[in-house]
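Q: I'm new to this one and would like to go through it step by step. Could you show me the structure before we start?

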Amino acid sequence: MGLLDGGSPLSWADTKKHADHVRDTGIKQFLSIYERFQSVEDDCLKWGDEIEFTVVHFDHEKKTAQLRLTEPALLQRLQQEENDNPGQSATAWRPEYGSFMLEATPGKPFGGATSDFNQIEPNMRLRRKELNEVLDASDRCMNITCFPRLGCPSFTTPSFPAQPKTSASHSAFFPDEAINSHPRFSTLTRNIRTRRGSKVAIHVPIYKDVNTPSPFVEDMSEHDEETQAMAKPDHIYMDAMGFGMGMSCLQVTFQACSIAEGRLLYDQLAVICPIVLALSASTPIYRGYLSDRDCRWSVIEQSVDDRTREERGLEPLVNDKYRIAKSRYSPVSCYLASDTYNDQELVLNQPVYDSLRAEGIDHLLATHIAHLFIRDPMTLFSEQIEQ
């Protein structure tokens, strides 16, 4: 999760008013940073991992497991060492989207020495130990990609009903109380839904065995009309950002020694990561149903898809500028170090591309940035518009 600052979050209507300003300022910042670092060739390689923990409450008498909605005081206890000894703590703890989640990283990045590899697993074990020590005896931290009953009735403790008419997501399954209380998270959820013009629609094929009805049709009669309309036969239906961002994973962040090395690393990871994702697929259950897929990626893509009907190609372009082929959270669209395998025609923010080329940015990098900048910013704080 990125840096979380406080402030007054803006609605989508107000955010949209500043979208062009944010894009213009973003390009200026990019050019400034690029100019400062383009000649750097021997910077120190730094990298580190981020682990997202899920806190699960076990009731051994009732034989139940629920997601534990944690209190802010728990995170404060975990951050005490870091706050008391800045730069010296072996671990760092941060909030995550779900109020049942916590993110942990090494206290400082690893470097380029071979010996740094020997520090990874001990530091991971230390983070797990620190979290388990501050949890209640009936709670445990788990490194699972997705809690199998996420979105089922009473899947959290304490339990709260979904409020499809008033909540940030309008979900029929995912209550706002399961979202972290930091205003960024609920604002992002609400703004994605508002920009899209409807709540998100996530569909995953149901796994069929000899006892599965065909077609499989879930009874949605107790839910609102939008929920009933969006559910598809032979699919598990989910309707909130929390079904994607409420999942957990291992992430790795790199600071390369130069821009050229960073671009090459980006291209290599674009090939390697899907393979590793497939090898580590471990998400076969959604909303209590067994799925025909065991990889979580498509759920995350669909959970934050803010594209309008026009951008998705469902209606003619009238109010929007671009047809956008995929969700903003999706596989990369082009390589950065070599143009050899760039065989897709990308939609570009042409003024952004032209301005970057005028400032000396090469075609590949300018194309990449201009393609990213067809998107709108989704969360703004009023205090940070002008910095």
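**Cysteines first**

Q: Okay, how many disulfides does the structure hold?
A: The structure holds zero disulfides, and please keep in mind from the start that this is a predicted model.

Q: What is the nearest cysteine sulfur to C249, then?
A: The nearest cysteine sulfur to that of C249 belongs to C273 and is 11 Å away, and C249 is in no disulfide. A disulfide would need the two sulfur atoms within 2.5 Å.

Q: Is C249 buried or exposed?
A: C249 counts as buried, because its relative accessibility is 19% and the cut-off for buried is under 20%.

Q: And what about C295, which sulfur is nearest there?
A: For C295 the nearest cysteine sulfur is that of C249, 11 Å away, and C295 is in no disulfide either. With a relative accessible area of 23%, C295 is partly exposed.

Q: Let's switch to charges. How many salt bridges are there?
A: There are 20 salt bridges in the structure. One of them brings together the side chains of D305 and R196, at 3.9 Å from N to O.

Q: Where do D305 and R196 sit along the chain?
A: D305 is in the loop between α10 (297-303) and α11 (350-358), while R196 belongs to helix α6 (residues 183-196), so the pair links distant parts of the chain, 109 residues apart.

Q: Are those two buried or exposed?
A: D305 is buried, with a relative accessible area of 8%, and R196 also counts as buried, at 8% relative accessibility.

Q: Which other residue forms a salt bridge with D305?
A: D305 forms a salt bridge with R307 as well, and the closest N and O atoms of that pair are 2.8 Å apart. R307 is buried too, with a relative accessible area of 11%.

Q: Which residues are joined into one network by salt bridges that share partners?
A: Salt bridges with shared partners join D20, R23, R195, D306, E311, R328 and D376 into one network.

Q: What is the salt-bridge partner of R287?
A: R287 pairs with E218 in a salt bridge, and their closest N and O atoms are 2.3 Å apart. R287 lies in the loop between β10 (285-286) and β11 (289-290), and E218 in the loop between β7 (202-205) and α7 (225-230), so the salt bridge ties together parts that are 69 residues apart in sequence.

Q: Buried or exposed, that pair?
A: R287 is buried at a relative accessible area of 8%, and E218 is buried at 16%.

Q: What about the backbone of R287, what is its phi?
A: R287 has a positive phi of about 50°, although R287 is not a glycine.

Q: Where does S154 lie, and what is its phi?
A: S154 is in the loop between β5 and β6, and its phi is near 55°, again a positive value in a residue other than glycine. S154 counts as partly exposed, at 45% relative accessibility, whereas R287 is buried.

Q: While we are on the backbone, which residues does a cis peptide bond join?
A: One cis peptide bond joins T157 and P158, with omega at about -5°, and P158 is found in the loop between β6 (156-157) and α6. Another cis peptide bond joins S214 and P215, with omega at about 5°, and P215 lies in the loop between β7 and α7.

Q: New topic, helices. Which residues of α5 are buried?
A: In helix α5 (residues 117-134), the buried residues are I120, N123, R127, L131, N132 and V134.

Q: Why would buried positions in a helix come three or four places apart?
A: An α-helix has 3.6 residues a turn, so residues three or four places apart point the same way.

Q: And what covers the buried residues of α5?
A: Their cover includes β1 (46-59), α3 (72-78), β3 (91-95), β4 (101-106) and β5 (139-142).

Q: Last one: which residues form a nonpolar patch on the surface?
A: V271, I272, I275, V276 and L279 form a nonpolar patch there, and together they have about 490 Å² of accessible area. Among them, V271 lies in helix α9 (residues 259-279) and is partly exposed, with a relative accessible area of 44%.

Note on methods. Residues numbered from 1 in each chain as written. Predicted model: local features only at pLDDT ≥ 70, side-chain atom pairs only at ≥ 80, totals over all residues. Heavy atoms only, no water. Salt bridge = Lys/Arg side-chain N within 4 Å of Asp/Glu carboxyl O. Helix = DSSP H or I, 4+ residues; strand = E, 2+ residues; numbered from the N terminus. Buried < 20%, exposed > 50% of the residue type's maximum accessible area, 1.4 Å probe, protein only. Contact = heavy atoms within 4.5 Å. Patch = residues over 30% accessible without salt bridge, like charges linked within 9 Å, V, L, I, M, F, W, Y side chains within 5 Å. Areas by Shrake-Rupley, 256 points an atom, 1.4 Å probe, with all protein chains shown as cover.
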